[in-house]
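Subject: Structure handover

Hello,

Here is the structure I said I would pass on. My notes on what turned up in it follow below.

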Amino acid sequence: MKINGVFSGGGLKGFALVGAVQELEKQGYHFENVAGTSAGAIVACFLAAGYSADEIEIMLAEEDFELLLDPRKTLLPFPFMKWVSLYWRMGLYKGEALEDWFFDKLARKGCYAFGDLPKGSLKLVASDLTNGKMMVLPDDLENYGYDPDKFSIAKALRMSCGIPYFFEPVRLEAPKGTIVVDGGVLSNFPMWIFDDSPQTKKYPLIGLKLSRSQEEVPGRSIHNALQLFEALFSTMKNAHDEKYISRTHEKNIIFIPVEDYSATQFDMDKEQMEELLAIGRSRTKEFLLTWSPTQPKLVGRQNVI
């Protein structure tokens with residue numbers, strides 16, 4: 001059965017998304033159109049390029065993710081210099097090694113630019129901080145002077161995965177110059193993204209979200225300034241998506257609880273990877289026991305900041 005899929009962000013916790021897709025493919029589901037943010041964008045891109053979930057698992061399991069962390073060299077070999085570099089570069093790591101890795105894996109399937117894929121089959125979310133708005137790639141690229149069909153998927157993927165302060169932001173040569181970071185800043189779970197795409201109406205939509213459902217999430221304990229900042233950022237980051245979910249049916253979303261794992265644990269071991277894969281598979285099995293495919297409703301895209 002053909003379906004559309006939307007994948008949430010979550011860094012290295014995205015292994016659970018792969019497990020979920022494995023179970024869906026095992027049950028006979030095939031993703032026709034996909035979208036995602038950050039880690040979800042990675043899964044979406046590989047699926048759009050033609051990788052199966054099992055191939056993605058093997059590819060990720062064989063990778064040493066610490067090799068994708070590429071700090072800039074400094075003239076003085078002192079620890080504090082990386083913080084000086086962070087101030088000016090706005091990220092601890094360049095992100096170039098990550099983009100090169102994306103390019104290599106996508107090239108193996110003959111996917112270099114968005115024009116190599118069926119039109120509208122892949123959508124990624126990034127955050128334009130310079131102009132204070134959300135970006136949907138490749139849809140919005142013309143507004144920045146780029147030909148969407150010729151724009152590198154690997155570059156767009158790096159934009160969607162650019163965790164603020166962790167990776168240096170991508171700079172687009174737009175009229176004013178544009179700083180782009182992780183799409184999760186504005187929409188970590190873009191379930192709305194296919195709403196205004198008539199070509200997707202004929203396929204049921206499934207969302208895969210790396211968190212518990214709203215009813216399952218316990219309240220936060222806030223006793224100090226750090227906890228206040230974490231709660232403030234999390235609330236702001238999720239407000240847009242949670243409002244959308246509350247206005248639609250949660251029955252089309254697979255909630256995958258992975259709060260006990262770190263999004264930036266690039267030294268994750270095989271056992272932890274297997275645990276995340278197993279969580280994704282298990283929650284998807286539970287979901288499919290009661291899921292009844294329905295067509296997505298057209299609500300209309302909403303951009304906020």
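In what follows, Ala, Val, Leu, Ile, Met, Phe, Trp, Tyr, Cys and Pro count as nonpolar; Asp, Glu, Lys and Arg count as charged; the others, Gly among them, count as polar. Please also keep in mind that this is a predicted model.

The cavity

That grouping is needed for the lining of the largest cavity, which divides into 17 nonpolar residues, three polar and no charged. The count of cavities of 30 Å³ or more comes to one. The space in the largest cavity is about 300 Å³. Its lining is made up of 20 residues, and those nearest the centre are G11, L12, A39, I42 and F65. Helices α1, α2 (39-49) and α5 (96-107) each supply at least two residues of this lining.

Helices α1 and α2

Helix α1 covers residues 15-26, twelve in number. From first C-alpha to last, α1 reaches 17 Å, close to the 16 Å expected at 1.5 Å a residue. Ten of the twelve residues are buried, so α1 is largely enclosed by the rest of the structure. The buried residues of α1 are F15, A16, L17, V18, G19, A20, V21, Q22, E23 and L24. After α1 comes G28, with a positive phi near 95°.

Helix α2 is mostly covered as well, with ten of its eleven residues buried. These are A39, G40, A41, I42, V43, A44, C45, F46, L47 and A49. G50 follows α2 and has a positive phi, near 115°.

Ahead of α2, in the loop that links it to β2 (30-37), lies S38. Its phi is positive too, near 55°, in a residue other than glycine. S38 counts as buried, because its relative accessibility of 7% falls under the 20% cut-off.

V43 of α2 can also be set beside a residue of another helix. I56 is found in helix α3 (residues 53-61), and I56 is buried, with a relative accessible area of 2%. The C-alpha atoms of I56 and V43 are 8.0 Å apart, while 13 residues separate the two along the chain.

Aromatic rings

The count of aromatic pairs comes to 13. One of them is Y146 with F151, an edge-to-face pair at 5.2 Å centre to centre and 80° between the planes. Which of these two is buried, and which partly exposed? F151 counts as buried at 7% relative accessibility, whereas Y146 is partly exposed at 25%; the cut-off for buried is under 20%.

F15, F46, Y51, F65, W101 and F102 form one aromatic cluster. Several of its members have come up above: F15 is among the buried residues of α1, F46 is among those of α2, and F65 is one of the residues nearest the centre of the largest cavity. Y51 has a further neighbour, as K109 lies over the face of its ring, at 4.8 Å from the ring centre.

A cis peptide bond

L137 and P138 are joined by a cis peptide bond, with omega about 10°. P138 is found in the loop between β5 (133-137) and α6 (153-160).

If you are opening the model for the first time, the cavity lining is one place to start, with G11, L12, A39, I42 and F65 nearest the centre.

Regards

Methods: Residues numbered from 1 in each chain as written. Predicted model: local features only at pLDDT ≥ 70, side-chain atom pairs only at ≥ 80, totals over all residues. Heavy atoms only, no water. Helix = DSSP H or I, 4+ residues; strand = E, 2+ residues; numbered from the N terminus. Expected span 1.5 Å × (residues − 1). Buried < 20%, exposed > 50% of the residue type's maximum accessible area, 1.4 Å probe, protein only. 1 Å grid on protein atoms, 1.4 Å probe; cavity = no way out; pocket = protein on both sides within 12 Å on 5 of 7 lines; lining within 4 Å. Points joined across faces, edges and corners; volume = space filled by probe spheres on them. Phe/Tyr/Trp six-rings, centres within 6.5 Å; stacked < 30°, edge-to-face > 60°. Lys NZ or Arg CZ within 6 Å of the ring centre and 35° of its normal.
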